[in-house]
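Visitor: Hey, could you walk me through this protein? I'm new to reading structures.

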Amino acid sequence: MPSVYIKTYGCQMNERDSEAVAAQLVAKGYTLAPSEVGADVILLNTCSVRDFAEQKAIGKMQNLAADVRKNRPNVVLGFMGCMAQSRGQELIDRLPDVDLVLGTQKFHRAADCLDEILAGRRDKIVDVAEEQGSEATIREHLLYGNASKNGGGHRPPLQVTAFVSIMQGCNQYCTFCIVPYTRGEERSRSIPDIVGECRQLVSQGVKEITLLGQIVTSYGRRRASEAAVAGRARSPSEPVENLEVRRRDEDIAPYQIKDGRSAFVQLLNAVHEIDGLERIRFTSPHPKGYGDDLIEAYARLPKLVESAHLPVQSGSDRVLKLMHRGYTRERYAGIIEKLRRARPGIGITTDIIVGFPGETEDDFEQTLTLAREVQFDNAYIFKYSQRRDTPAAAMPDQVPQLIREERNQRLLEVINEIGKRKYSALVGRQAQILVEGPSKKNPARMTGRTRCNKIVVFDGADRHRGQLMDVKITRAGSFTLYGDPAIVNL
Ligand code: 5AD
């Protein structure tokens, strides 16, 4: 059977989609190639969030195409995911060696498409149509890699942590963001469907589950059927103000608020009940949806780990408004304060954009002061990138590239300084880690994560994989901790 290599760009949702495609292909008899060299099919699962991510994937495909044309004319080349969705046929027009362009609602069709192309029944396939129910199609996992479970005896699966996709799409329409156009309207899977998948994973040895969605705090407010009825995607030129009115009209909640708890918290409760599951994480929430019921869930559900990734984007109220984020700096800081009260020591990470159109030096300094005030454990900093058809791309006062870079550097210094202090403060302390596997940098060592989502590297062996282990933190590196299990597990 043909071998397939999938290269993934971008976020955890993309990683999850690639895993589901790989699992689907393995189930159909394809094998997974360890690299592009020698693979019969090469798929790039793409990201559109910034231009840089798109250019990287396009550059990669150009190189692959040149090599394939010269040396291996029968190799099948494909784009999947967000850029495939937003650019469609345009990708083949530009890169005629590409055979397949598969959008974000069509991952489950990957094997069928490849079968057709490999059998010569179809030359090229572009499938970027919307598909009702597609949010429930990302469900296959690849816990044992290429090998079958039975071949593995009683060994734990290669993956003791798993991502579970709970919803697709986003209706928030932040003015900088392309995601509503690449991932579509919010569509949620049902609670029993998600819990069933989680149970299955736990029965196969998974200890930690991360619930995934583009905006998980909106989970369950609309189900696929309602989204399909609502139907119309907002046109990029439609003013944001119209949206508030329209969303209220259409906001038919399939999961009613129960005992003051939102659909997302109801889902957390249900997943929490699974015996054998040790840890629950989720990403990404939106501060707007971070209600007291969710804060209370942190205090009430011990499997919900002390970790929150809560994208803030800016510390300036003026910029937050231009971004259409729907909260103020004060409200954001208030959520963090409550979270810390519910779970002292909780690890807080964030996403920040620098150089959003109209961001002044004063606005940027407010982001710096917010970073100092909140004391993030880590932050992903993004230089603003103009995205096609998004409202911010047409805003006046685009910030010059040099200033974006300079602000990126200044913020990075603040984030690194805070991170260093926070990580160093953990030296000498004890922490529980879930051992995930060999360290990427040094495969002779093992790595795990603390409940606060910090990576810990230690001298261990493969038999530790999947274990919850107490370690003493002996040293802190750059956003990495080093630990010693022997000291606490004598
Ligand atoms: N430019 C720069 N960063 C962006 N992000 C989303 N859109 C853009 C853009 N146009 C960042 C946000 C988001 C993260 C996943 O990517 O910070 O939280």
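Guide: Let's start with how to read the model, then go to the ligand, the rings and a few backbone details.

Visitor: Okay, what should I know before we start?

Guide: This is a predicted model, so local features need pLDDT of at least 70 and side-chain atom pairs count only at pLDDT 80 or more, while totals for chains, interfaces and linings use all residues. Residues are numbered from 1 along each chain as its sequence is written, and side-chain values use heavy atoms, with hydrogens and water left out.

Visitor: Cool. Which residues are around the ligand?

Guide: They are V49, R50, F176, Q313, D351, I353, F382, K383, Y384, S385 and R387. A residue makes that list if one of its heavy atoms lies within 4 Å of the ligand.

Visitor: How many of the shell residues are nonpolar, polar and charged?

Guide: The shell divides into five nonpolar, two polar and four charged residues. Here Ala, Val, Leu, Ile, Met, Phe, Trp, Tyr, Cys and Pro count as nonpolar, Asp, Glu, Lys and Arg as charged, and the others, Gly among them, as polar.

Visitor: And which strands supply at least two residues of that shell?

Guide: β13 and β14 (378-383) each do. Strands (E, at least two residues) and helices (H or I, at least four) are DSSP runs, numbered from the N terminus.

Visitor: What polar contacts does the ligand have?

Guide: A polar contact is a pair of N or O atoms within 3.5 Å; within protein, one must be able to donate a hydrogen and the other to accept it, and residues adjacent in sequence count only if both atoms are side-chain atoms. An oxygen atom of the ligand is 2.7 Å from an N or O atom in the side chain of D351. The backbone takes part too: a nitrogen atom of the ligand lies 2.8 Å from a polar backbone atom of S385, and a backbone N or O atom of F176 is 3.0 Å from a ligand nitrogen.

Visitor: How much of the ligand does the protein cover?

Guide: The protein covers 87% of the 400 Å² of accessible area that the ligand has on its own. Those areas come from the Shrake-Rupley method with a 1.4 Å probe; for residues, only the protein chains shown count as cover.

Visitor: Switching topics: how many aromatic pairs are there?

Guide: Nine. Rings of Phe, Tyr and Trp (its six-membered ring) pair if their centres lie within 6.5 Å; planes under 30 degrees apart count as stacked, over 60 as edge-to-face and the rest as tilted. Among them, F176 and F356 are edge-to-face, 6.4 Å centre to centre with 85 degrees between the planes.

Visitor: Where do F176 and F356 sit in the chain?

Guide: They are 180 residues apart, so this pair links distant parts of the chain. F176 is in the loop between β8 (167-168) and α6 (179-183), and F356 is in the loop between β13 (347-354) and α14 (361-374). Together with Y384, they form one aromatic cluster.

Visitor: Is F176 buried or exposed, and what about F356?

Guide: F176 counts as buried because its relative accessibility is 11%, and F356 is buried as well, at 0%. Buried means under 20% relative accessible area, exposed over 50%, and partly exposed in between (1.4 Å probe, protein chains only).

Visitor: Which charged ends sit over rings?

Guide: The charged end of R475 sits over the ring of Y482, 4.1 Å from its centre, and the charged end of K7 sits over the ring of Y9, 5.4 Å from its centre. The rule asks for NZ of Lys or CZ of Arg within 6 Å of the ring centre and within 35 degrees of the ring normal.

Visitor: Now the backbone. Which peptide bond is cis?

Guide: The bond from T283 to S284 is cis, with omega near -10 degrees. S284 lies in the loop between β11 (279-283) and α11 (292-300).

Visitor: What about positive phi values outside glycine?

Guide: Y173 has phi near 50 degrees; Y173 is in the loop between β8 and α6 and counts as buried because its relative accessibility is 4%. D389 also has a positive phi, about 70 degrees, and sits in the loop between β14 and α15 (401-424).

Visitor: Last one: what's S134 up to?

Guide: S134 is in the loop between β6 (125-127) and β7 (161-165), and is buried at 3% relative accessible area. A polar atom of the S134 side chain lies 3.1 Å from the backbone oxygen of E131.
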